[in-house]
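Here is a set of questions and answers for a first-year student. Look at the structure, then read on.

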Amino acid sequence: MKIIIIVGSLRKESYNRKVAHFIKERYKDKLEMEILLLNDLPVFNEDIEENPPNPVKEFKEKIKQSEGVLFSTPEYNHSIPGGLKNALDWCSRGDRVLSKKPTFIVGSSSGDIGTARCQSDLRKVLDCPGVAALNLPGNHVLIGNIQDKFDQNGKFNDDTTIKRLDKVLDNYIDWVKKIK
Ligand SMILES: Cc1cc2nc3c(=O)[nH]c(=O)nc-3n(C[C@H](O)[C@H](O)[C@H](O)COP(=O)(O)O)c2cc1C
């Protein structure tokens, strides 16, 4: 199964980017995953939506060719980081590449409640008519205090979350097969 992982943070040393790489490596026998960054996407503008810049076309095409999308995102100011919201806005117009796409969310933040508010807002946006993505129900992966969850070599080492991820990944794969 071909899955795109969208990283909600643009910074080079992003924990969410590291978690995305961890997921890609750990589940490589179950899912073929490709990580997409948001760094090259311009800010959405209706004036250019019919013929958007190439980075937007390439980003949307990758999503279109995938069988599902995973979000690995931080929370910014109790909500969705602007870069990720911008990407969703691009996907909501013209070719609506997230429509009916099975998605799930993994969120890491430095706060105690690990992106709970961002995830709640993200689910709301995924459910908008223009986006119309499907989201794995009943499975939340909230990783708080993310800065404390890597070993000295930079390897993600939070066993509780890893067990949770193992379960959610299996739930996601079963769910995608069911809804196909
Ligand atoms: C603009 C901004 C707003 C933030 N707002 C929140 C927040 O609302 N809740 C939270 O838990 N952490 C917040 N943080 C801290 C992030 O969780 C932390 O910087 C995290 O490492 C960002 O993810 P990244 O490592 O993938 O870039 C914020 C950080 C920034 C830069």
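Q: What makes Val19, Ile23, Phe104, Val106 and Phe156 stand out in the largest nonpolar core?
A: Of its 28 residues, these five touch the most other members. A nonpolar core is a set of buried Ala, Val, Leu, Ile, Met, Phe, Trp, Tyr and Cys residues joined through side-chain atoms within 4.5 Å. Buried means under 20% relative accessible area (1.4 Å probe, protein chains only). The model is predicted: local features need pLDDT of at least 70, side-chain atom pairs need 80 or more, and totals for chains, interfaces and linings use all residues. Residues are numbered from 1 along each chain as its sequence is written, and side-chain values use heavy atoms, without hydrogens and water.

Q: Which element supplies the largest share of this core?
A: Helix 5 does, with 8 residues. Helices are DSSP runs of H or I, at least four residues, and strands are runs of E, at least two, numbered from the N terminus. Helix 5 spans 159-179. Strand 1 (2-7) and helix 1 (15-26) are among the other elements that each supply at least two core residues.

Q: Why is the pair between asparagine 77 and the ligand called a polar contact?
A: A backbone N or O atom of asparagine 77 lies 2.8 Å from a ligand nitrogen. A polar contact is a pair of N or O atoms within 3.5 Å, so this pair qualifies.

Q: What makes the pair between glycine 111 and the ligand a polar contact?
A: A backbone N or O atom of glycine 111 lies 3.3 Å from a ligand oxygen. The limit is 3.5 Å, so this pair counts too.

Technical notes: A polar contact is a pair of N or O atoms within 3.5 Å; within protein, one must be able to donate a hydrogen and the other to accept it, and residues adjacent in sequence count only if both atoms are side-chain atoms. Buried means under 20% relative accessible area, exposed over 50%, partly exposed in between (1.4 Å probe, protein chains only).
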